[in-house]
Amino acid sequence: MANPSLLILAGDGIGPEVMAEVKKIIGWMGAKRGIRFDVNEDLVGGCAYDAHGTPLTDATMAKAQEVDAVLLGAVGGPKYDKLDFSVKPERGLLRLRKEMDLFSNLRPAQCFDALADFSSLKREVVAGLDIVIVRELTSGVYFGEPRGIFKEGNERVGINTQRYTESEITRVAKSAFELARKRGNKVCSMEKANVMESGILWRDVVQEVHDRDYPDVELSHMYADNGAMQLVRWPKQFDVIVTDNLFGDVLSDCAAMLTGSLGMLPSASLGAPMANGRPKALYEPVHGSAPDISGQGKANPIACILSFAMALRYSFDLGEEATRVEKAVEKVLADGVRTTDLMGPEGGTPVSTSQMGDAVLAALDASL
Ligand code: IPM
Ligand code: MG
């Protein structure tokens, strides 16, 4: 049988640095566990624009559609801020999400015990936190038409459209309920049904899907602004949160920071099942390209490493190996290994990106 295939799109800024550490772990899986991947690499974002004048070529898009999973680093940087909107680095990522139809974006926010004091919130609020935000990723205001900047009389008007169909809400709601059944069996759906029609429909459809197919799962609804407040007040009240594209973007950054560092949070973007039964999938850290620290060996590779662990679990049915990677990360943190972003007020000596990767490798070796 052919090896499972991976397309690595490391992207811009710290993307290639953190991805280098993931490549070490991919190599380790082959050498020590006999789990080999066919790895292909390509460009996305600003680096693709530099090489080809577009943030994602059709050829790269076609490759992404072919492979079992895509691993993405990060896109964007100040160098590209002035580019025309249609060729900005972010458009490459958004095209991948849209054309692969990756409608369900899983963003876990898990607080590692060793880092509970790094959160801006009190230890008791975040210790043991383990929630997942399921963000709708292919619709809503990110993609709705009409959109653009138009002339109206003698001024300009900027327009974006929040639009959701029943089927789009249904499929992401299902993925949230399915996930909840494997965890704490609780879903909280967030929208603004008090001010938006699309929010009213969202709430109705989530409730209908629940009543029809998932009555065993506990379901609640919350306005998204209250949800943001509850996330910082007492995040442990949640298990799975399901929400739209824009609210999910904002709420997931908030949830990520609860855990102490944005450098810790992985994500999986999943679509419909392929011929082999596995979902179409792209895995990426929640953090961005961090141009302020790129090229200095300061980036924390853990979010990217944990994104690969999610790939092992969701794309390759290698849950045990995923847990092995997660446990290795936990051990390294418990041992006090810290990149710069994880330095507390008491200071200490941070390790570099590659030293962090090596520490995870050593912990993996010790797990055998
Ligand atoms: C994210 C990012 C992206 C988004 C950007 C880079 C387009 O913020 O994945 O959360 O807004 O979705
Ligand atoms: Mg974001």
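Reader: From which domains does the shell around ligand 1 draw at least three residues each?

Author: In this predicted model, the shell draws at least three residues from domain 1 (1-107 + 262-368) and at least three from domain 2 (130-258). Its residues are Glu-90, Arg-97, Arg-107, Arg-135, Tyr-142 and Asp-249.

Reader: How do the residues of that shell divide into nonpolar, polar and charged?

Author: There are 5 charged residues, 1 nonpolar and no polar. Tyr counts as nonpolar, while Asp, Glu and Arg count as charged, so Tyr-142 is the nonpolar member of the shell.

Reader: What makes the approach of Tyr-142 to ligand 1 a polar contact?

Author: A polar side-chain atom of Tyr-142 lies 2.5 Å from an oxygen atom of the ligand. The cut-off for a pair of N or O atoms is 3.5 Å, and 2.5 Å is within it, so the pair qualifies. Arg-107 places a polar side-chain atom 2.8 Å from a ligand oxygen, and Asp-249 does so at 2.8 Å. The protein buries 76% of the 320 Å² that ligand 1 exposes when taken alone.

Reader: Why is Arg-97 called buried or exposed?

Author: Its relative accessible area is 6%, and buried means under 20%, so Arg-97 is buried. Arg-97 lies in helix α4.

Reader: What makes the pairing of Arg-97 with Glu-284 a polar contact?

Author: The two side chains come to 3.2 Å. That value is within the 3.5 Å limit, so the pair counts.

Reader: Which residues of helix α4 (residues 89-99) are buried?

Author: They are Pro-89, Gly-92, Leu-93, Leu-94, Leu-96 and Arg-97. As a general point, an α-helix has 3.6 residues a turn, so residues three or four places apart point the same way.

Reader: What is the sign of phi at Asp-101, just after α4?

Author: Phi of Asp-101 is positive, near 55 degrees, in a residue other than glycine. Asp-101 is found in the loop between α4 and β4 (104-110). At 29% relative accessibility it falls between the 20% and 50% limits, so it is partly exposed.

Reader: Why is Asp-317 called buried or exposed?

Author: Its relative accessible area is 55%; exposed means over 50%, so Asp-317 is exposed. Asp-317 sits in the loop between α10 and α11 (319-334), with a positive phi near 60 degrees.

Reader: Why is the peptide bond from Glu-145 to Pro-146 called cis or trans?

Author: Its omega is near 0 degrees, and the bond is cis. Pro-146 belongs to strand β6 (residues 144-152).

Reader: Where does the largest nonpolar core lie with respect to domain 1 and domain 2?

Author: The core has 93 residues, of which Leu-71, Val-134, Phe-177, Tyr-283, Phe-308 and Leu-333 touch the most other members. Helix α10 (residues 302-314) gives the most to this core, with 9 residues. Domain 1 (1-107 + 262-368) and domain 2 (130-258) both contribute residues, so the core lies between them.

Reader: Why is Asp-211 counted as partly exposed?

Author: Its relative accessibility is 49%, and exposed begins over 50%, so Asp-211 remains partly exposed. The residue lies in helix α7 (residues 197-213). Its side chain makes a polar contact with the side chain of His-210 at 2.8 Å. Residues adjacent in sequence count only if both atoms are side-chain atoms, so this contact is allowed.

Technical notes: Residues numbered from 1 in each chain as written. Chains lettered and ligands numbered in written order. Predicted model: local features only at pLDDT ≥ 70, side-chain atom pairs only at ≥ 80, totals over all residues. Heavy atoms only, no water. Near = heavy atom within 4 Å. Polar contact = N/O pair within 3.5 Å; in protein donor to acceptor, adjacent residues only side chain to side chain. Areas by Shrake-Rupley, 256 points an atom, 1.4 Å probe, with all protein chains shown as cover. Domains from an automatic or database assignment. Core = buried A, V, L, I, M, F, W, Y, C linked by side-chain atoms within 4.5 Å. Buried < 20%, exposed > 50% of the residue type's maximum accessible area, 1.4 Å probe, protein only. Helix = DSSP H or I, 4+ residues; strand = E, 2+ residues; numbered from the N terminus.
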